[in-house]
Amino acid sequence: MVPALAPLATIALLCGQTGSPVDGLSYVEITGAIASLPLDGGFLEIEAGDLNGDGHPDLVSVGDHGSPFINTQQHGVTAWLGDGAGGWTLVQTGNFGYGGCALGDIDGDGLTDIAYGVHHNYSSNDFGDQLIEAALGDGSGFVWTPWDDGLATNGETYGMFGTDLGDVDADGDLDLGSASFGCCAGIHVYRNHGDGTWSQSFGLLGGNCDSRFEFADLDGDGHLDGVAAWSLGVAWLGDGQGGFTPADGNLPGTHYIGAQAGDVDADGRDELCFVSGGAARVFTWGAGNQWTERTSNLAQAGLASVQEIALGDMDSDGRKDILLFSGGSYAVCSYSSSGTWRRIAGGAAAGSGTKAGELLRGGVDLDHNGLGDIWLVQREPAGSLNTRNVHRVLAEASSATELTIRPLAPQSQRVWRGGQVRFVDWASSVPAGVAPGKVTIVLSVNDGGPPYQVLGAGLPNSGRTQVRVPPSVNSSVCRLIYVLTSPGLTRKRSTGPRFSVLP
């Protein structure tokens with residue numbers, strides 16, 4: 001039973017979340033046991049998610065060019081299970097690799113599953129013998145069951161890589177998108193039929209692509225769009241049924257690095273960002289398929305040039321920040337209401353690295369201090385002919401002093417569609433010695449007031465879950481209420497930003 005909910009003003013005070021967002025972020029390295037698995041070279045994608053349901057985010061990959069067993073001991077699904085305090089336990093399963101991955105509950109059983117696109121589909125069995133696959137997790141982090149019939153059956157004959165999960169057709173399950181990391185396997189979107197079979201709803205061959213693909217909402221209509229740094233199209237608007245149309249419009253016709261999307265100003269639309277000519281660039285889609293640049297004073301953000309870019313809510317204010325990396329140094333920049341960018345953090349990664357073009361990620365709180373952390377892969381040592389990929393994890397350095405929860409997604413003015421599966425994000429600070437607790441997500445379609453509908457209860461306090469949007473809702477004044485409980489401590493609640501649910 002959901003407890004009686006306090007009035008909106010009381011809820012905000014209970015969480016202690018009045019006032020301005022945190023500023024002046026700083027980071028310390030917590031790589032620890034992750035370094036015990038040497039890497040090789042080439043692209044790499046490492047994602048965060050709670051594989052074993054203990055409330056602590058884990059880091060997951062399918063390896064770089066050394067997987068499986070090429071100059072390294074990498075193989076299959078590689079997971080570093082986190083303990084929330086900077087400790088990591090390595091588990092690996094399978095005989096394949098070199099690719100990108102995504103995490104989510106694909107079959108709706110409440111456990112975290114994985115999807116991936118790879119180049120080295122070397123497995124002799126069903127787990128790892130296709131260029132695109134999905135596999136179901138059992139809640140442990142090291143047992144996976146293939147769930148992949150119909151994937152990689154539409155001309156994918158070379159390495160696939162960047163992979164994401166999202167409900168493109170609003171039928172209540174996660175679909176899959178993947179892009180190749182070169183020529184000429186293109187990009188592909190497959191619909192999930194809920195029984196372990198998939199069929200392509202969109203796909204194109206040809207062109208050259210880098211290592212990323214992701215779903216976003218560029219036009220703010222609630223239907224998922226696609227983003228990939230592909231020579232034949234970077235932005236693709238979804239029709240809500242699994243189809244996509246090109247939307248590059250007036251984007252500059254230059255080489256894109258690391259194209260991805262996120263809402264930097266909480267207006268309900270995801271901005272497109274990428275690196276071009278050694279500088280970061282940010283664009284917003286508008287009517288008539290016209291893009292407006294929002295780069296302003298961002299460019300290099302104090303770096304000599306930019307080699308890699310990423311998006312993540314680093315200060316837990318409900319807006320995506322931009323992370324930049326070049327030559328071993330990084331910067332974090334936040335978009336202001338005046339239309340300019342403010343640098344809120346910067347520093348250098350250890351190890352004398354020269355490039356993080358292989359990986360840069362951030363925005364997931366790995367250590368429960370309520371603020372997003374950073375993980376990257378750079379080439380080390382600098383200036384050597386024998387460099388290797390080295391994985392480093394940087395945690396925001398402040399300590400948690402009280403148990404809190406802060407809504408991160410859905411952001412303000414976001415649009416969801418009835419029947420969809422959507423991801424919900426939050427940041428939670430958990431003091432040392434306190435259990436992470438459990439989270440309940442409640443939907444109000446009346447601006448925080450009743451009636452209430454529970455979308456998820458007793459969830460691990462890992463910072464992310466996925467929910468099924470009720471199909472019958474039609475309201476522009478929806479809010480989510482996040483309820484965090486921990487043994488012996490007062491229940492804390494908060495209401496998220498107002499958003500819409502449309503049929």
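## Charge and surface

Let's start with the charges: the protein chain carries 26 positive and 56 negative ones, and the mean positions of the two sets lie 8 Å apart. Bear in mind that this is a predicted model. The chain exposes about 17200 Å², with carbon and sulfur atoms supplying 51% of that area.

## Overall build

Strands are the theme here: there are 37 of them, alongside 1 helix. The radius of gyration comes out at 21 Å, close to the 23 Å that the globule rule gives for 503 residues, so the chain is as compact as a globular protein of that length. Along the principal axes, the C-alpha atoms fill a box of roughly 60 × 45 × 45 Å.

As for the inside, 62% of the 503 residues count as buried. If you take the contacts with a separation of 6 or more, 57% of them link residues 24 or more positions apart.

## The cores

The largest nonpolar core has 20 residues, and W416, V424, I441 and L480 are the ones with the most contacts inside it. Strands 31 (421–429), 32 (438–446), 33 (449–460), 35 (475–485) and 37 (499–502) each put in at least two residues. Strand 35 gives the largest share of this core, with 4 residues.

So what does L480 touch? Leaving aside residues up to four places away in sequence, its contacts include P410, W416, V424, I441, V442, L443, L455 and F499, plus the run of S494, T495 and G496. There's also a second, separate core of 19 residues, with A102, I132, A134 and L174 among them.

Notes: Residues are numbered from 1 along each chain as its sequence is written. This is a predicted model: local features need pLDDT of at least 70, side-chain atom pairs count only at pLDDT 80 or more; totals for chains, interfaces and linings use all residues. Side-chain values use heavy atoms; hydrogens and water are left out. The radius of gyration is taken over C-alpha atoms; the globule rule is 2.2 Å times the number of residues to the power 0.38. Buried means under 20% relative accessible area, exposed over 50%, partly exposed in between (1.4 Å probe, protein chains only). Contact means heavy atoms within 4.5 Å. Accessible areas come from the Shrake-Rupley method with a 1.4 Å probe; for residues, only the protein chains shown count as cover. Lys and Arg count as positive and Asp and Glu as negative; His and the chain ends are not counted. The place of a charge is taken as NZ of Lys, CZ of Arg, CG of Asp or CD of Glu. A nonpolar core is a set of buried Ala, Val, Leu, Ile, Met, Phe, Trp, Tyr and Cys residues joined through side-chain atoms within 4.5 Å.
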